[in-house]
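User: I am new to this structure and would like to understand how each description of it is reached. Could you take me through the reasoning step by step?

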Amino acid sequence: MKFEKKILCIGAGYVGGPTMAMIAANCPQYKVTVVDINKQRIDAWKSQNLPIYEPGLLETVKTGRGRNLFFSTEVTKGIKEADIIFVAVHTPTKAFGHGAGMAADLQHWERTAHEIVKHSNSNKIIIEKSTLPVRTAEAMERILQANDKNIHFDVISNPEFLAEGTAIADLKNPDRVLIGSRETKEGIKARKTIVDVYANWISRKRIIESNVWSAELSKLIANAFLAQRISSINSISALCEKTEADVGEVAYAIGTDSRIGSKFLKSSVGFGGSCFKKDILNLVYICHGYGLTETAEYWESVVKINEWQQDRFVKTMLQNMFNTVADKKIAILGFAFKADTGDTRESPAISVCKELLEEHARLNISDPEAIPNAKMELAEAIKQGTGKVEFHKDPYEACKGVCAIAVLTEWEEYKSLDFKKIFNNMKKPAFIFDGRNILDHKKLFKLGFNVFPIGKSALKHY
Ligand code: NAD
Ligand code: UGA
């Protein structure tokens, strides 16, 4: 079949895979190829067991797979034939050298830029899909234009705003798609080409066009603002616990003001995920680079409050379990950083579990999707051997014989567990620490539990 355009995506991860599956499903006239250097990942994309868990993803992949959606490890071939190349490789926080712990590690991104130059023999539009520091497009252009093949590349910033667990719904019906380019004749022409791709299924009213720097920066700022709301309400959760105010009631009361809005005001054990912390720290690093100390410190406090909230959760557990958890069995319900994903990157469960293991606790960890990742996250801590860890897919098994339960992910199924049965199989006094405020606390108290929600008065039998 002759395709109108050939689209390539480099990086078959949480962003590249679902985004390209959505483009392919909605644009049968384009050939969409997703390449990755990780063969295992590519093989999984070709199978029934996709490499990531995401509701609705398999159906979307199946719509295009074999028709106009292809997964491959042949990066060179993919580059050669593509008209449009999305770059969706990971951009983690740098772990070494200058800017370690703050700056974005751009090595994977830069490698792809060099690969593109090396293997291209026709003009192409290159799209920054990864989240990148503002003004990265300038560096990308410099690498791409340094070719002696007389090839022209246009660099577009088209950051992704999908959230895990709702990726398919977000991609199908996004609040907006942002497409930034240089404001030259060629830049605007390239921008329009990408607008046309999305306009196959998204209303043009929702497609925002901007200059390339605004697009790059808006991605970092969107994540910073979302995370800031969580840290704001989490900082207030501590005050609620001291004053008998209820953080849920406070969030509802303030969220009904249309200027504030109700979303992203759920107090929790802290935000996780691969991006909020990394993107804010990157923003902080960039601000320091421009000498904007106050701006940097303001945003850094969002991350600090998040770390404090996780630590506060463990301290509440310790203080209420008579200042020791050594050799005590504790069930951890939920390890993923949020519900409906198996992703555990930066999950608050990691720091909570590590702290509890340092206190020599014995953990029974349960999660419907994240146990393989949880095992990897805790491998080192388990090897050090201070505490003990068991993994149970079945939450009832995980809760057998424990003296406390910590709910760390808001999985729907935890709301309807038979807590009477769980209570009867626990050591007494029985404690429950609801790090997501998803359970019926009064009911649990009546069953005999000592209940510790976030940002609400504890319900104790002593
Ligand atoms: P990921 O780690 O899941 O996937 C990245 C993939 O790129 C990996 O499979 C890796 O093997 C591949 N890769 C790296 N270098 C390569 C190369 N030279 N050639 C071919 N493949 C290569 O990462 P992700 O979660 O999909 O995130 C990708 C980017 O998107 C990041 O910048 C992230 O900040 C951003 N983002 C992520 C999300 C999210 O929900 N995860 C949402 C919006 C934006
Ligand atoms: C977030 C953004 O929501 C996406 O728009 C963005 O594209 C993405 O980061 C990214 O750049 O990677 P994601 O991290 O997948 O998406 O999930 P969120 O729904 O934002 O949740 C992040 C964390 O905040 C989770 O741990 C969640 O439990 C927590 N959260 C969220 C709260 O504690 N309270 C809330 O009210 C909302």
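**How the descriptions are reached**

Analyst: Helix H9 bends by about 25° at Ser218, where the bend at a residue is the angle between axes fitted to the seven residues ending there and the seven starting there. This is a predicted model, in which local features need pLDDT of at least 70 and side-chain atom pairs count only at pLDDT 80 or more, while totals for chains, interfaces and linings use all residues. Residues are numbered from 1 along each chain as its sequence is written, and chains are lettered from A and ligands numbered from 1 in the order in which they are written.

User: What makes H9 a helix, and how do you know that its span agrees with its 32 residues?

Analyst: Helices are DSSP runs of H or I with at least four residues, strands are runs of E with at least two, and both are numbered from the N terminus; H9 covers residues 212-243. The expected span is 1.5 Å times one less than the number of residues, so the 32 residues of H9 should span 46 Å, and the 47 Å between its end C-alpha atoms agrees with that. H9 is followed by Glu244, whose phi is positive, near 65°.

User: Which residues are counted as surrounding ligand 2, and what does H9 give to them?

Analyst: A residue counts as near a molecule if its C-beta atom, placed from the backbone, lies within 6 Å of it. On that basis 21 residues surround ligand 2, the closest being Lys266, Ser268, Phe271, Gly273 and Cys275, and H9 gives the most to this shell, with three residues.

User: How are the residues of that shell divided by class?

Analyst: Ala, Val, Leu, Ile, Met, Phe, Trp, Tyr, Cys and Pro count as nonpolar, Asp, Glu, Lys and Arg as charged, and the others, Gly among them, as polar. The shell around ligand 2 accordingly divides into 11 nonpolar, six polar and four charged residues, and the shell around ligand 1 has 11 nonpolar, 11 polar and five charged residues.

User: Which residues come nearest to ligand 1?

Analyst: Of the 27 residues around ligand 1, Gly11, Gly13, Tyr14, Ser130 and Thr131 come nearest, and helix H5 (residues 107-119) supplies the largest share of this shell, three residues.

User: How do you know that the radius of gyration of the protein agrees with that of a compact globule?

Analyst: The radius is taken over C-alpha atoms, and the globule rule is 2.2 Å times the number of residues to the power 0.38. For 462 residues the rule gives a value near 23 Å, and the protein has 24 Å, which agrees.
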